[in-house]
Amino acid sequence: MRVDILTVLPDLLESPLNTSILKRAQDKGLVEINLHNLRDYSTNKQKSVDDTPFGGGAGMVMQIQPIADCIEKLKNERTYDEIIYMTPDGETMKQGMVNTLSLKENIIILAGHYKGIDERIRELPAAILSDAIIRLIPGVINDETSALTDSFQDGLLAPPVYTRPEIYKGLAVPKILTEGNHKAIDVWREEKAIERTQERRPDLLD
């Protein structure tokens with residue numbers, strides 16, 4: 001898979017895109033992530049990519065020219081399955097959407113920045129979306145079933161998880177998890193996932 005991210009703040013994304021799972025995926029050759037600084041496509045001397053809005057009002061608006069030129073250049077080099085614009089008024093990112101995107105070959109992500117809101121906050125969703133997609137590609141995570149049991153895969157939050165020691169300061173791991181009955185454990189986990197979702201994200205059950 002190839003992911004091209006269009007941004008005005010490439011330095012902000014360098015760190016999250018080159019650590020942990022995303023770094024391993026790139027090192028294995030399973031994914032290629034490219035950051036494109038939209039300022040490189042600006043045609044003015046100041047290399048600015050925003051301007052005041054028509055009709056007046058506070059804040060600045062990203063110009064169409066740098067974005068259009070960058071996308072056109074990339075599309076002339078290869079075919080893209082999706083061009084995704086990260087925006088608060090877009091479709092809510094859900095696990096099913098991410099699952100579908102993980103099967104694509106080439107994706108462009110436009111990390112927008114908006115008038116009145118610090119653009120650094122709006123850049124990070126591009127890294128989050130990339131991580132969510134790439135972790136589902138076979139070979140990225142050693143235990144591939146792990147990604148398939150993450151929160152939201154089945155519309156529920158993940159159940160509680162525990163590891164050694166079995167007892168810590170008087171707090172014990174639920175007995176059912178230590179008895180080796182995997183069918184019973186699966187039932188317990190499903191019940192706990194539903195219970196946790198009802199408590200913390202009841203909207204997911206609507």
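Lys-169 is an exposed residue, its relative accessibility being 72%. In this predicted model, Lys-169 lies in the loop that links β7 and β8 (171–172). Its backbone is also of note: Lys-169 adopts a positive phi of about 50°, although it is not a glycine. A second non-glycine residue with a positive phi is Ser-20, at about 55°. Ser-20, however, is placed in helix α2.

A further backbone feature concerns a proline. The peptide bond that runs from Arg-164 to Pro-165 is cis, with omega near 5°. Pro-165 belongs to the loop between α6 (144–148) and β7 (167–168).

From these backbone features the account turns to the interior. The largest nonpolar core has 28 residues, and those touching the most other members are Met-1, Ile-5, Ile-109, Leu-129 and Ile-134. At least two residues of this core are supplied by each of the strands β1 (2–7), β5 (82–86) and β6 (106–111), and likewise by each of the helices α1 (10–17), α2 (20–27), α4 (95–101) and α5 (119–134). Helix α5 provides the largest share of the core, namely six residues.

Charged side chains form another layer of the description. The count of salt bridges in the model comes to nine. One of them pairs Asp-4 with Arg-2, with an N to O distance of 2.7 Å. Where do these two partners stand with respect to the surface, buried or exposed? Asp-4 has a relative accessible area of 0% and is therefore buried. Arg-2 also counts as buried, because its relative accessibility of 13% falls under the 20% limit.

Helix α2 holds another pair. Lys-23 and Asp-27 form a salt bridge in which the closest N and O atoms are 2.9 Å apart. The two residues are four positions apart in helix α2, so about one helical turn separates them. Lys-23 is partly exposed, with a relative accessible area of 38%. Asp-27, at 56%, is exposed, because the cut-off for that class is over 50%.

A third salt bridge joins the side chains of Arg-201 and Asp-203, with 2.8 Å from N to O. Arg-201 is partly exposed at a relative accessible area of 31%, and Asp-203 is likewise partly exposed at 40%. Beyond individual pairs, salt bridges with shared partners connect Arg-2, Asp-4 and Glu-32 into one network. The buried residues Asp-4 and Arg-2 thus reappear as members of that network.

Some acidic residues are arranged in another way. Which residues gather in a patch of negative charge on the surface? They are Asp-154, Asp-186, Glu-190 and Glu-191. Patches are made of residues that have over 30% relative accessible area and no salt bridge. Glu-191 has a relative accessibility of 49% and therefore counts as partly exposed; Glu-191 is found in helix α7, which spans residues 182–200.

Definitions and conventions. Residues numbered from 1 in each chain as written. Predicted model: local features only at pLDDT ≥ 70, side-chain atom pairs only at ≥ 80, totals over all residues. Heavy atoms only, no water. Patch = residues over 30% accessible without salt bridge, like charges linked within 9 Å, V, L, I, M, F, W, Y side chains within 5 Å. Areas by Shrake-Rupley, 256 points an atom, 1.4 Å probe, with all protein chains shown as cover. Salt bridge = Lys/Arg side-chain N within 4 Å of Asp/Glu carboxyl O. Lys, Arg positive; Asp, Glu negative; His and termini not counted. Charge placed at Lys NZ, Arg CZ, Asp CG, Glu CD. Buried < 20%, exposed > 50% of the residue type's maximum accessible area, 1.4 Å probe, protein only. Core = buried A, V, L, I, M, F, W, Y, C linked by side-chain atoms within 4.5 Å.
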